[in-house]
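Here is my note on the model you asked about, set out as numbered points. Please keep the sequence and the 3D view open while you read, and look up each residue as it comes.

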Amino acid sequence: IDQLAPRKREALLWNVIYDQKQKDVAKKMQITTVTVGQYVEHAMKQLIDSHVIDVKPDEAEFDELSSR
């Protein structure tokens, strides 16, 4: 989370971690609710991209997993 830009980190913390409504976060940060949503979306994408390994199973493995 330290790698996020300060405003993205702030929006993510208030909206996702502290479970505050976008309207309330926007008021605290003096930005629009649309901007809160964009900050959170970009922050989540950045965190996912930097922490999730993109693994693509081969087709046989995929068929086996999907048949369960």
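The points below go from the whole chain to the helix contacts and then to single residues.

1. To begin with the overall picture, please bear in mind that this is a predicted model. The secondary structure of the chain amounts to four helices and zero strands, and, read from the N terminus on, the order of the elements is α-α-α-α.

2. The chain has 68 residues, of which 19% are buried. If one takes the contacts in the chain with a separation of 6 or more, 46% of them come from residues that are 24 or more positions apart.

3. How do helices α1 and α3 lie with respect to each other? Helix α1 covers residues 6-17 and helix α3 covers residues 33-51, and their axes come within 8 Å of each other while crossing at roughly 100°. An angle from 65 to 115 degrees counts as roughly perpendicular, and α1 and α3 are therefore described in that way, as roughly perpendicular to each other.

4. The residues that bring these two helices together can be picked out in the 3D view. On the side of α1 they are Arg-7, Lys-8, Ala-11, Leu-12, Asn-15 and Val-16, and these meet Val-36, Tyr-39, Val-40, His-42, Ala-43, Met-44, Gln-46 and Leu-47 in α3. Sorted by class, the contact of α1 with α3 holds nine nonpolar, three polar and two charged residues.

5. Helix α3 also packs with helix α2, which covers residues 22-29, and here the angle is about 100° with the axes 8 Å apart. Helices α2 and α3 are therefore roughly perpendicular to each other. From α2 the contact takes in Gln-22, Lys-23, Val-25, Ala-26 and Met-29, while from α3 it takes in Thr-33, Val-36, Gly-37 and Tyr-39. By class, the contact of α2 with α3 has five nonpolar residues, three polar ones and one charged one.

6. Two residues of α3 are worth looking up one after the other. His-42 has its place in helix α3 and is partly exposed, its relative accessible area being 42%; although His-42 and Lys-8 are 34 residues apart along the chain, their C-alpha atoms are separated by 7.6 Å. Val-34 is also placed in helix α3, but with a relative accessible area of 53% Val-34 is exposed, and between Val-34 and Lys-23, which are 11 residues apart in sequence, the C-alpha to C-alpha distance is 9.3 Å.

7. The loop between α1 and α2 deserves a careful look, and Gln-20 is placed there. Is Gln-20 partly exposed or buried? With a relative accessible area of 27%, Gln-20 is partly exposed, and, leaving aside residues up to four places away in sequence, Gln-20 touches Trp-14, Asn-15, Val-25 and Lys-28. Two of these residues also meet in another way, since Lys-28 lies over the face of Trp-14, at 3.7 Å from the ring centre.

8. Which residues have a positive phi although they are not glycines? Asp-19 has a positive phi of about 55°; Asp-19 is found in the loop between α1 and α2 and counts as exposed, at 65% relative accessibility. Gln-30 has a positive phi of about 60°; Gln-30 has its place in the loop between α2 and α3, and at 74% relative accessibility Gln-30 counts as exposed.

9. As a last point on side chains, a search of the whole structure finds one aromatic pair.

Methods: Residues are numbered from 1 along each chain as its sequence is written. This is a predicted model: local features need pLDDT of at least 70, side-chain atom pairs count only at pLDDT 80 or more; totals for chains, interfaces and linings use all residues. Side-chain values use heavy atoms; hydrogens and water are left out. Axes are lines fitted to C-alpha atoms, for helices over the stretch in contact, and angles run from 0 to 180 degrees between N-to-C directions. Angles under 35 degrees count as roughly parallel, over 145 as roughly antiparallel, 65 to 115 as roughly perpendicular and the rest as oblique. Contact means heavy atoms within 4.5 Å. Ala, Val, Leu, Ile, Met, Phe, Trp, Tyr, Cys and Pro count as nonpolar, Asp, Glu, Lys and Arg as charged, and the others, Gly among them, as polar. Rings of Phe, Tyr and Trp (its six-membered ring) pair if their centres lie within 6.5 Å; planes under 30 degrees apart count as stacked, over 60 as edge-to-face and the rest as tilted. A charge sits over a ring if NZ of Lys or CZ of Arg is within 6 Å of the ring centre and within 35 degrees of the ring normal. Buried means under 20% relative accessible area, exposed over 50%, partly exposed in between (1.4 Å probe, protein chains only).
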